[in-house]
Amino acid sequence: MSNSYLIEVAVPEGTSNTERGRVLERFARRFLETQNYKITEELRVTASEIDLLGCDKTTGERIFVECKAHRAAISSEVLQKLLGNITFKNYSAGWLISTFALGKDAKGFEDEWNQRPPEERRKLRIYPPEKLVERLVAARIIVDVDSLVIDRSRFRTGSEAYLLITQTSEFWALPVLAEGTGIQIAALLFDASNGNAITDSATLDWIDRTDRSLQLPWISDSANPTAIATATSRLALELESIVGVPVADHWADYRPARPEDFVGRETVQNTIFGFLDSVRTKATETRLVAIKAPSGWGKSSSVLKIASRATNVRNRGKYFIFTVDSRAATTRRFPELAVASAIREAGRKDFISLSDSIDFGGATSFFSTSKMKTIGETLKQEEKVICVFFDQFEELLYKADLVEVFEEMRRICAAVEESQINIVIGFSWKTDGVIPTEHNAYHMWHTLADRRFEIELAPFTENEVVLAINRFSKELDKPVIPQLRRVLQDHCQGFPWLLKKLCVHILDLSKSGIDQTDILNRSINIQNLFKKDLENLSSAETACIKQIATESPAEFFKVVQNFGEEIVSRLVDKRLVIRSGTRLTIYWDIFRDYILTEKIPYIPVTYVPQANFSRYVKALAYMVGKNELSYHDLATQMNLGMGAADNLVRDLVNLGHVDANRKEHRIEPTFKDEARAIEIAHSFWRSHEVVRRLLATRPSGGAFRETEFVAVYRAANKRSALGDNAIKAYAMRMLRWLIGIDLVRQDGNNLILRDAPALSSIQSLEAIVVQRSQMSEFFLGEAPPSRVLAAYRELSTGAQALTRMEIEKRHGRNTCYALIKLGLMDQDGSILGTTTPEVEVVIATRARSKETVAFVCDMLAENPLLLGAEIGRRLAKEFRTEWSDGSHRRHGGALRKWAKWVNSVTGTANPTLLSR
């Protein structure tokens, strides 16, 4: 007798739930009548369940009968509920008639119940498929499966047998296995009442249109001699769709990274292997795992790295990881065939011992065959685990003809959980996609949520970005210069896809002969890079890639039919399109979305210019009306050395005001007039992450303090290595810019955020500079740092309240002016800001935030030997003041002393390059 039975109510698609229930009811009545019972009352009828009241024809005892036509394991809760009904209604006994096997918890309940005394045991009778079939055979309602006449020379059947209950009769359906694989390829159909083979096409076609889990083509002994050959060929085609996750040929290939190129994600890898260990050692009953992340965050690359690590000397005796590219799926059997392929591959690699007589069940009962049970026991004894990773599984959402794959996946997930075999089903799942609630995927994914171990990929850490850039430098065959390294770190925002795209772009520029220093002065706009990918295509290639993006995963043969194999091959060779089995997809989901919408994911803007604001505005004013100028022109006009001019151009490029080519010494403004220059600046800062965060927490016009601004900047900053002093310096520099372009206004100690100030609020670039000069009382180092430090220390102790006059007597009038201009003391002598023992740091940070000190720091970074008089002259020119020669020496000397002291406190010789 077959050792695995499945019973299903098979009715045509579209049959009402009531009629489905009636079919189950009629079958249950026939069974109960063979057991000497008569149905006296119908309590409930639904699509898959009925409750009946039966009466023993001899004793008159009343029994409560529950019939479950489920396609998944019966839980212990069903048995507990049945016992409750028996007790509450005072029935003599309760029966469960189930078309599916008991789950592991229900089996445990049954075993425990069978330990009770006979009189108590008789109150509950359980008829799962194997017991039910035994009774039906004994009552001659159906014939024994072993009595069916099968030509064993032509057909190899497995250990599964399906009893199909239809509106008119019952049928035995026996899956036929493919030689050499043990996978089901077709099914034989028999009349269950007499064992006769069903060969007429009308009956086979009618059964084929019924709703059932056994979705195999029907064959017969006589109808078609070539049926097995045809079914075997069909299986071979389906198995061609089981392909591994594609891997890059080289570092610059956009496909998932080769394991040797993979960097970071150590915690994720260790977590996955920790979970697999808990399966091996029976520490968990969970058999599902998912790696989740938005598009382009390295899910596929992580899966490949994990699979590679499983093959090393330490791991290859414990783990076998089989990766599957879900985009290659062609039929609903994809999950079942993938798991079968994984097990067969594990046998081929000698991870497990696999005999030629292996047979696999269907998705619902995949692990219930005797051979699979043997494999399961071996895996447990040897503490091994097989993991089948379905990568890009959510891609099947886009194929309406594959919607049933999700139901099949749910079934095989339920089967692996129920069997508790040491096999894990893994997924990589995109979290930035939207699943419609009516889609099968929505229900599959959420119903499995509480039975799934999930790992969510985070953006790259700062250390992982460094590792990735180090790997990139090997590809460049030279170190990445510090300035370019910082640009990459700032621009990528920790997004792996963005860092890869930027690095590949830089690699291409480097190969074309452009120096790393020149690359610094080129705008790195990711949208332009995607646009460039498409601009280099012919019109036929563009039309082809758009069709693939629209239909992704698209049918290879359909696309070739429309555009020709040469066009498709060119796109594949350019790595813009990936072929998986008979499917074609775009190399990244992000690029596919760009092709369809011309939009890319939101990338936070966190760049803060290095240039002094007034100097930057003066540079813009100088460039108005010019189509082109040279680096030398700008350096001469701004009285800068070439190093400082480079820094200024870099800021101009990153804010979008110029395009530059240092190798040709050419700068091309992107604006023609002052209004456009101001508009570009507004646009940049309104998109900045700090401004976005401020607007998210307070309305336009809302007030905030300087300390709040620093806190928001710190939260938006991705570079964890920056210390508090550097964070404050960057934040204060940014605040000066926002005040300068009128996005923030000062009102005493408050700062007012303005979401969209009218351009008319700033009449001209010249007006900005003049307004800045008029608005800010320049800090001129009125008192030396030592005196200011002593006065602020005394104020900070709070030992006694001092008036402004008393402070002037103790520390001097100029010291009071300095404290007030630094924002550390009010006009009446009251201390401002938070008291802290780090007085030097507070004063140095405030001083550095002043434009005059920042300007002198820049000059000393260029030439540390500059004297006070020259510094004073340059200050006067920069800030448009009329000073005498004596004032040049006095103010220049005082600010030179302050700049050197600030650098000594903060430990950096150049406050504009704090992070280097």
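This is a guided tour of a predicted model, stop by stop, with something to select at each one.

Residues are numbered from 1 along each chain as its sequence is written, and side-chain values use heavy atoms, with hydrogens and water left out. Because the model is predicted, local features need pLDDT of at least 70 and side-chain atom pairs count only at pLDDT 80 or more, while totals for chains, interfaces and linings use all residues.

**Stop 1: the parallel sheet**

Select 288-293 and 423-430, which are β13 and β16. Helices (H or I, at least four residues) and strands (E, at least two) are DSSP runs, numbered from the N terminus. The two strands pair in the parallel sense over six bridges; strands count as paired if DSSP finds at least two bridges between them. For one such bridge, show Ala293 with its partner Lys430 in β16.

Now widen the selection to the whole open sheet, ordered β14-β15-β16-β13-β17, with parallel pairing. At its edges stand β14 (319-325) and β17 (452-456), each with a single partner strand, so one side of each has no neighbour in the sheet. On average, neighbouring strands here are turned by 20° against each other, direction ignored. Axes are lines fitted to C-alpha atoms, for helices over the stretch in contact, and angles run from 0 to 180 degrees between N-to-C directions.

Add helix α12, residues 404-419. It lies across β13, β15 (385-391) and β16, and runs at about 140° to β16. Contact, here and below, means heavy atoms within 4.5 Å.

**Stop 2: two loops with a positive phi**

Stay with α12 and step on to Gln420, in the loop between α12 and β16. Gln420 has a positive phi of about 55° although it is not a glycine. Most residues other than glycine have a negative phi. Is Gln420 buried or exposed? Gln420 is buried, with a relative accessible area of 10%; the cut-offs are under 20% for buried, over 50% for exposed and partly exposed in between (1.4 Å probe, protein chains only).

Next pick Lys282, in the loop between α8 (266-280) and β13. Lys282 also has a positive phi, about 60°, but at 55% relative accessibility it counts as exposed.

**Stop 3: the second largest pocket**

Center the view on Ala73, Phe100, Ala101, Leu102 and Glu418. The second largest pocket holds about 1200 Å³ of space, and of the 40 residues that line it, these five are the closest to its centre. On a 1 Å grid over the protein atoms alone, a pocket is an open set of points where a 1.4 Å probe fits, with protein on both sides within 12 Å along at least five of seven lines; lining residues have an atom within 4 Å of a point. Grid points are joined across faces, edges and corners, and the volume is the space filled by probe spheres set on them.

Which helix gives the largest share of the lining? That is α12, with eight residues. Other elements that supply at least two residues include β1 (4-9), α2 (76-89) and α11 (370-381).

**Stop 4: the antiparallel sheet and a cis bond**

Move to the open sheet of three strands, β18-β20-β19, with antiparallel pairing. The edges are β18 (554-555) and β19 (577-580), each with a single partner strand. Two bridges join β18 to β20 (residues 583-586), and Ala554 stands opposite Leu584 in β20. Helix α19 (residues 539-551) packs on the sheet, touching β18, β19 and β20, and its direction makes about 100° with that of β20.

Between α19 and β18, find Pro553 in the loop. The peptide bond from Ser552 to Pro553 is cis, with omega near -5°.

**Stop 5: a hairpin**

Select 658-661 and 666-669, strands β22 and β23, which run antiparallel and are joined by four bridges. Asp659 has Glu668 as its bridge partner in β23. The two strands form a hairpin with four residues between them, and His665 in the turn has a positive phi of about 55°.

**Stop 6: Leu824**

Finish at Leu824, in the loop between α33 (813-821) and α34 (839-848). At 0% relative accessibility, Leu824 counts as buried. Show its contacts beyond four places in sequence, among them Tyr792, Ile831, Val842 and Arg846. Leu824 and Tyr792 are 32 residues apart in sequence and 7.8 Å apart in space, C-alpha to C-alpha.
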